[in-house]
Amino acid sequence: MTDTEAALKALMLLGLDGDAPAYRLLLSQLGGRLRVYFERRMRDAPGDVEDLVQETLMAVHTRRATYDRAQPFTPWAFALARYKLIDHWRRRKVRATLPIDDYVEVLAAYTPEPGSAMDLDRALETLPERQRNLVRDVKIEGLSLAQAGDRAGVSQGAAKVALHRALKSLGERMRGRADG
Amino acid sequence: MRTDDLIDQLAAQPRAIPAGAVQIRFAGVALAGGLAALVMVLAWLGARQDLAQAMTGRMFWMKALYTALLGVAGFWALERLARPDGAPRKALLFGAIVLAAFVGMGFGQWLAADPDHRRSMMMGGSWRVCFGYILAMALPGLAATLVVLRGMAPTRPALTGFAAGAFAGGVAATVYGLHCGESTMVFVGTWYTLGVLGVGALGAVLGKWALRW
């Protein structure tokens, strides 16, 4: 967690000085953590999770002058997230309380490797084309199995089996990479 | 909109933010609010006739110091409350100590005084207008403070509004000292304090709906 905090804070400080690539990386890293944070607290309304992630990222951006450079970054960012979540509940007339410091578990739960998205792309490239397209269609673009099967010209059942195999070999490849 | 697209937009050309941006903005507001109050004193109420002589006395500066310190406490609390994770406890405690110390000294003098003088010490010649003038003179500064706060990230709207009022009220009351000729601590401790707290209460009411984001 402290490593994550140090990395995010370093990116934030660069972003405050106008460093666009560092700032973009900060927002996307933070976005993933915010998604986990909101998903856990909004099981009743999963459709609103992405809205809250975006609202919080916008608040981080427009109100970033209120970040005190001498203080840790994560408590500041998740205080914005908490305010947005309470506001969301308030608008929906839900009464709830939310502890201030429970974002800690998100840092523990979500610790992607810095290059994990790139690794996934590389591992995907090693799959046969048909399997690769299936994984993209279903897991990344979010099509249903039937739709993805239509695209690939196979039945839903065949798509399901092929996707299962593809994910299995993808997992093996990424694990192999991590072990090696 | 997809989140990735949003991130691309936000990170396209991030403007650099100077260190101390929050303090700089509130210092600007204090200056603007103080100038607005000064214009009101000069154009509307008029400076006290004996200003030059009064400035050589101790009480003139005691009054100014008291109200300025209330403004400083408001500034300090705002500097914390403008941030989503800011803890204003020390700043509020500081303001409470300043207030209690001055009001305590004022009432100490008042109780020690000859009973025949107590009424004039407490009421002076202007107790009826003191509260209203301070409130009126603080309005431009309070409005400016709330506008600036709307661009920040306060998560406790009523308390933040109160701090904004104490801040603007402290600045305005300090400037009001250029007009007001009252010179007992118990007068200042009562009516100036009520004036500043009144602006704070107004700020709390306004903040409750103005400081949502």
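## Chatting through chains A and B

Me: Which residues make the contact, and how many come from chain A and chain B?
Reply: Chain A gives 27 residues to the contact and chain B gives 21. Two residues are in contact if their C-beta atoms, placed from the backbone, lie within 7 Å.

Me: Is this model predicted or not, and what numbering goes with it?
Reply: This is a predicted model, where local features need pLDDT of at least 70, side-chain atom pairs count only at pLDDT 80 or more, and totals for chains, interfaces and linings use all residues. Residues are numbered from 1 along each chain as its sequence is written, while chains are lettered from A and ligands numbered from 1 in the order in which they are written.

Me: Back to that contact: which helices of chain A supply at least two residues each?
Reply: On the side of chain A that touches chain B, those are H1 (2-16), H2 (20-41), H3 (49-62) and H4 (73-91). Helices here are DSSP runs (H or I, at least four residues) and strands are too (E, at least two), numbered from the N terminus.

Me: How many residues on that side are nonpolar, polar or charged?
Reply: There are 13 nonpolar, seven polar and seven charged. Ala, Val, Leu, Ile, Met, Phe, Trp, Tyr, Cys and Pro count as nonpolar, Asp, Glu, Lys and Arg as charged, and the others, Gly among them, as polar.

Me: How many helices and strands are in chain A?
Reply: Chain A has nine helices and zero strands. Buried residues account for 27% of its 180 residues; buried means 20 or more other C-beta atoms within 10 Å of a residue's own, exposed means 12 or fewer, and partly exposed is in between, with C-beta atoms placed from the backbone.

Me: Which residues in H2(A) meet H3(A)?
Reply: From H2(A), they are A:Leu27, A:Leu30, A:Gly31, A:Leu34, A:Arg35, A:Phe38 and A:Glu39. Their partners in H3(A) are A:Val49, A:Leu52, A:Val53, A:Thr56, A:Leu57 and A:Val60. By type, the residues of this helix contact split into nine nonpolar, two polar and two charged.

Me: New topic: where is B:Gly71?
Reply: B:Gly71 sits in helix H4 (residues 58-81) of chain B.

Me: Why does B:Gly71 count as buried?
Reply: Because B:Gly71 has 25 other C-beta atoms within 10 Å.

Me: And what does B:Gly71 touch, leaving aside neighbours within four places in sequence?
Reply: B:Gly71 is in contact with B:Phe167, B:Gly170, B:Val171 and B:Thr174. Also, B:Gly165 lies 94 residues from B:Gly71 in sequence, yet they are 9.0 Å apart in space, C-alpha to C-alpha.
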